[in-house]
Amino acid sequence: MMDNLKMHTPDLAEENFRKLAALFPHAVTETVNENGEPLRAIDADVLRREISAAVVEGPRERYRFTWPDKGKAAALANAPIAKTLRLDRSRSVGRDGARGGTDSENLYIEGDNLDALKLLRQTYQGAVKLIYIDPPYNTGSDLVYEDDFSQETREYLAVSGQLDQEGSRLVQNAESNGRFHTDWLNMLYPRLRLAKDFLSEDGVILINIDENEFENLLKLCGEVFGKSNDLGVIVWDKRNPKGDARGISCQHEYIAVYARNKAALLEGSRIRRPKKNAAAILKKGAQLFSMVSEDYTLDDANADFAEWMRTRPDFSGGERAYNRIDQNGDVYRPVSMAWPNKMRAPDNYFTPLIHPVTRKPCPVPERGWRNPPSTMRKMLREGRILFGRDEKTIPNSKYLLKENMYENIPSLLYYGGSDADLLARLGIPFDTPKVVSVCQEHIASFTKPGDLVMDFFSGSATTAHAVLQLNAESGGGRRFIMVQIPEICGEKSEARKAGYETICDIGEERIRRAGDKIREETGADIDYGFRVFRVDSTNMEDVYYRPADYEQSQLSLLAENIKPDRTPEDLLFQVMLELGILLSSSVEEEEIAGKRVFSVAGGYLLACFDQGVTAETVTEIAGRRPFYAVFRDSSMAGDSVAANFDQIFAARSPGTVRKVL
């Protein structure tokens, strides 16, 4: 049995209704609208009884975060769209960095990110480990993402209740910039609602923001992700106070961090980051230890090592503490073994340690040892205890750096530089980009090899650059999805002078050049490419969605329900979106009985959009037992082929899901 593809994104409001109806089927009822037309409804009285909680309705006071048109913004997130993504081979890059290649697992999408998120949701729901976005800061200027909510000041005053019936202002000092808060909230709210669906159960979202909308952002995130999933806020000290401040001059911004499910994220693990300079410290220690000889003792190596550590201005105090090399060549720091609690340790935690040279007992910390005697004996056997010159010094434990390469993520980030020089070397003109090293640090902290990273306010594609850099350094194989609206560069901008027409042109070229640079410097065998897709109108004519609107004399149009400028490849990717097949899947073309057939993901989907499909083509496709088989509704060569279609599949591959468009 063949089912018709919808060829539009799901109606999320309808999905929510079905979920509620599945939970409480007896709450589903019917009513009529203002025109007397029947419609489905949910009986609020039944829900009250089921959930045993108060339901607040109407104008009653309650705690909530709201603004003009919030309801419309929520409806916008749920509303379906009849659009698609079209592959642009000329702008794509292969895994090896070759222009025009399409074998990469990374994606770059040109278009409004609200549309892109809706199109991608079916396929990538629950698949993204980290979303890292830097949305437009609200500086009081117009937003590129208007979503039909942009308002004139007078309209805002009316909607927000600041005008009386005659159109006069109700308050003398109305919010002079209130409408900009509303515009910004309406822009971000539906996008965050959709973003939540992309995150895996242990996924995380990071959002850069400045002081203008910081409080509103936290309220938005608390509503969308749940306050219980708040992981904290990183305050980024940029070391550069704003010169135009009228009050306290801000020199910091914020990074809000929320989990999809905090409990799932923290189950069996901690949120930690790699110690920034650990690799460099270990490398230096190994270099000095390799020089140890009769003429260059271990004490000499340690003296040079300590001096080298002191001269590193970018090292933290914690990193400088790892300033010793032991007889095995391991870099370490001494750490107290004293009982950490205020209450006294158990009696057997006071057993003294015997000094290895004097053979006399060493002092015991006032509250006892941190570890029980069995652990202390094990540490002695492994050489993990550091004694003083004699028994008068309390021994410490030896912390090896190679076993402590990670640290807790602090709430303060000190970085006052920029990537202006880096972009200049790449020949990429862009104002105020995210910093690659900072971005890379966060990606390393919250992801593991093979994870998927998304940025739907891609800008100059710093996030993609950081993913490539991290993969080259760690061999992690992380993948990215970038989304950017093709905003036009200003006529007099440096970008336009350099030949870049849109922000997408800048971002794509940056990924290409960054990939070339990383490959040249590291030689790493990673995926340097990305497939470029553009958000576009659906491939289908209006008759496909509303055949009932056409008269009997127009039924011939049903056979031509695909727009004349669309290719079979365009159809294929829209089908993949609806069926939830990764856009990075392998796509191969072959000829079967004279017809062009697409094989996706190694035959998981077989699709043929040619006309005049014969029984021979259908038989061979069925014989390969794909999970999905897709054809055009009008593609069969004759009535006999159409009549025998289901019988062929029933005999050769009854489990194949057959779809038509």
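Biologist: Let's kick off with Arg-625: is that residue buried or exposed?

Modeller: Bear in mind that this is a predicted model, where local features need pLDDT of at least 70, side-chain atom pairs count only at pLDDT 80 or more, and totals for chains, interfaces and linings use all residues. Residues are numbered from 1 along each chain as its sequence is written, and side-chain values use heavy atoms, leaving out hydrogens and water. Buried means under 20% relative accessible area, exposed over 50% and partly exposed in between, with a 1.4 Å probe and protein chains only. Arg-625 comes out at 58% relative accessibility, so the label is exposed.

Biologist: Which loop holds Arg-625?

Modeller: Helices (H or I, at least four residues) and strands (E, at least two) are DSSP runs, numbered from the N terminus. Arg-625 isn't a glycine, yet has a positive phi of about 55°. Its loop is the one between helix H20 (615-623) and strand S23 (628-631).

Biologist: And what phi does Ala-593 have?

Modeller: Ala-593 sits in the loop between strand S20 (587-592) and strand S21 (595-600). At 34% relative accessibility, Ala-593 counts as partly exposed. Though not a glycine, Ala-593 has a positive phi of about 55°.

Biologist: Which side chain makes a polar contact of 3.2 Å with that of Tyr-322?

Modeller: Tyr-322 is in the loop between helix H11 (317-320) and strand S11 (324-325), and is buried, with a relative accessible area of 3%. A polar contact is a pair of N or O atoms within 3.5 Å; within protein, one must be able to donate a hydrogen and the other to accept it, and residues adjacent in sequence count only if both atoms are side-chain atoms. The partner of Tyr-322 is Lys-275.
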